[in-house]
Amino acid sequence: MSWFTPWPQLYRVLILLACLTLILFGLHLSAHLINQVLLALLLSIMLDPLVSWLEHKRIPRILSSLAIILVLLLVIVVTIIKLTVLTPDLILLSRQTPLLLTTRLQEITQALDQVGIALAPDEMLAFIDVGAVVKWITAFLTQIPGVLSWWVMVFLMLLFMLYELPLLKNALEKRAHGKSAALYRALDDGIQSVIVYARVKTLTGIFGGVIVWGGAQLLGLKFAFFWGVLMFVFNYIPVLGSFMAAIPPVVQSYIAFDLEVALAIAGFFVLLNLTLSSVLEPLMIGKRLDMALTSQLLAFLFWQALLGITGAILAIPLTYLIKKVLLASYRQQQDSALSDQ
C-alpha cells in the first residue's frame, strides 16, 4: 500500500468508498448463496457444544451431527407442510383484506365525521400501499414449498461444517498465540457472545411463538399456527420484529371481531414484546452485546437491504462480530505504531 499512502486524503476516501460499493454490490448479487453459508456457519457454531458433548459420550461426531441435522430437518419439513396446507386460505385472506378493511373502516370514518374530520375509507387505506402488502404476502406464501430445497442445501453444508469444526478451532488456537493474538481473542470472544445471543433469541422466540399460537387458538382466529411461526421468525429481527409479527393477527382480529378486540390484541403484543426484549433477554444475555437500540435498528436496515430477510435475522450477530474484529485490528495497529516509535 506504499503507492496509496502519498495520495491526498480525499482521493483515498473516494477510492475506498468506490471499492466498498463494489464489494457490497457483489454481496447483494450473491445474497442467495451467502445467506446459506452464513446460516450454516451460525448453526454449526451454536450446535458444536451439543455435538462435542455427544462425542464425549462415545458417539461418533459424524453420526451425532447427522442425527441433530435430521431432527432439525424434520421440524422444518413438518412446519413447511403445515404452512403449505394453510397457503390457499392465507392467499385468499390477503387478497380479500383491502375490501374487508374498507367495510370495517366505515365505523371509524363515521366516528371521525362527528368530530369534523371528513375521511373516506379509501383515503385511509391510501396511507398504506395495500396492493404492495398483498403482493408481498402472496409471493411469500407461494414460495413456501420451495424453501425445503433451500434448507436441504443449508443442512448439507452444516453437516460438513460440524464435522470439520474441530480442525478450524485447532487452527485458530495455534494462531491465537502468534503475532495476531489479540485479534483472534477478540474473534473468539465475539463468537461466544453471538452463541449466547442466538440461543437466547431462539428460546424467547419459541416462547413467544407458543404464546401467540395458543392465544390465537383461544380467540378462535384462523391461521393460529402461522401467526406463531411468524412470531418466532420475526423475534430475531431487532427492535421492530415483534411489532411486525403483530400486524397480521391484529388486522385479522379487527376484521373478524371489532376494534376493541384488535386494540386488546395489539396491547398484548406490546406487553409480550416488552417482556421478551426488556426483561427475559437482558436477564439471559446480560451485557454481552452492548449495542444501543439505534445501532441495532441501523444494523437491521443495512443487512436487510444487503441480504434480505436472512440479513435482517443475522443483523446483530454479524454487526457485533465485525465490530469486535475491527476494534481489535485497530488496537493492534495502534500498538504496532507505538512499538515502532
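How many helices and how many strands are there in the protein? The model, which is predicted, contains 13 helices and 0 strands. Colouring by secondary structure and reading along the sequence gives the pattern α-α-α-α-α-α-α-α-α-α-α-α-α.

**The whole chain**

Begin with all 341 residues displayed as a surface; 36% of them count as buried. The protein exposes about 20,500 Å², and carbon and sulfur atoms supply 71% of that area. Among contacts between residues at least 6 apart in sequence, 73% join residues at least 24 apart.

**Helix 1 against helix 11**

Select residues 9–29, which form helix 1, together with residues 293–307, which form helix 11. The two helices pack with their axes 7 Å apart and at an angle of about 60 degrees. Helix 1 and helix 11 are therefore oblique to each other. Now show the side chains of the contact: Leu24, Leu27 and His28 from helix 1, and Phe302, Ala305, Leu306 and Leu307 from helix 11. These residues divide into 6 nonpolar, 1 polar and no charged.

**The entry to helix 3**

Move next to the loop between helix 2 (31–56) and helix 3, and select Arg58. This residue has a positive phi of about 70 degrees although it is not a glycine. Arg58 is exposed, with a relative accessible area of 80%.

Then select Arg61, which is found in helix 3. Is Arg61 buried or exposed? Arg61 counts as buried because its relative accessibility is 6%, under the 20% limit. To display its surroundings, add Asp48, Val51, Ser52, Glu55, Leu162, Tyr163, Leu165 and Pro166, which are in contact with Arg61 when neighbours within four places in sequence are left aside.

**The largest nonpolar core**

Which residues have the most contacts inside the largest nonpolar core? Select Leu90, Val212, Phe223, Phe226, Trp227, Met231 and Phe269, which hold that place in a core of 30 residues. Helix 3 (61–114), helix 7 (181–219), helix 8 (224–234), helix 9 (241–256) and helix 10 (259–285) each supply at least two residues of this core. Helix 8 provides the largest share, with 8 residues.

Centre the view on Val212 to examine one of these residues and its partners. Leaving aside neighbours within four places in sequence, Val212 is in contact with Trp227, Gly228, Met231, Phe269 and Leu272. Another core, of 18 residues, lies apart from the largest one; for this second selection, pick residues including Leu39, Leu54, Ile80 and Met157.

Return to the largest core and select Phe223, one of the residues with the most contacts inside it. Phe223 sits in the loop between helix 7 and helix 8. Although it is not a glycine, Phe223 has a positive phi of about 65 degrees. Phe223 is buried, with a relative accessible area of 8%. Arg58 also has a positive phi without being a glycine, but Arg58 is exposed.

**A pairing distant in sequence**

For the last stop, select Ser329 in helix 13 (residues 315–340). Where does Leu183 lie relative to Ser329, in sequence and in space? The two residues are 146 residues apart in sequence, and their C-alpha atoms are 6.0 Å apart. Ser329 is partly exposed, with a relative accessible area of 25%.

Methods:
Residues are numbered from 1 along each chain as its sequence is written. Side-chain values use heavy atoms; hydrogens and water are left out. A nonpolar core is a set of buried Ala, Val, Leu, Ile, Met, Phe, Trp, Tyr and Cys residues joined through side-chain atoms within 4.5 Å. Buried means under 20% relative accessible area, exposed over 50%, partly exposed in between (1.4 Å probe, protein chains only). Helices (H or I, at least four residues) and strands (E, at least two) are DSSP runs, numbered from the N terminus. Contact means heavy atoms within 4.5 Å. Axes are lines fitted to C-alpha atoms, for helices over the stretch in contact, and angles run from 0 to 180 degrees between N-to-C directions. Angles under 35 degrees count as roughly parallel, over 145 as roughly antiparallel, 65 to 115 as roughly perpendicular and the rest as oblique. Ala, Val, Leu, Ile, Met, Phe, Trp, Tyr, Cys and Pro count as nonpolar, Asp, Glu, Lys and Arg as charged, and the others, Gly among them, as polar. Accessible areas come from the Shrake-Rupley method with a 1.4 Å probe; for residues, only the protein chains shown count as cover.
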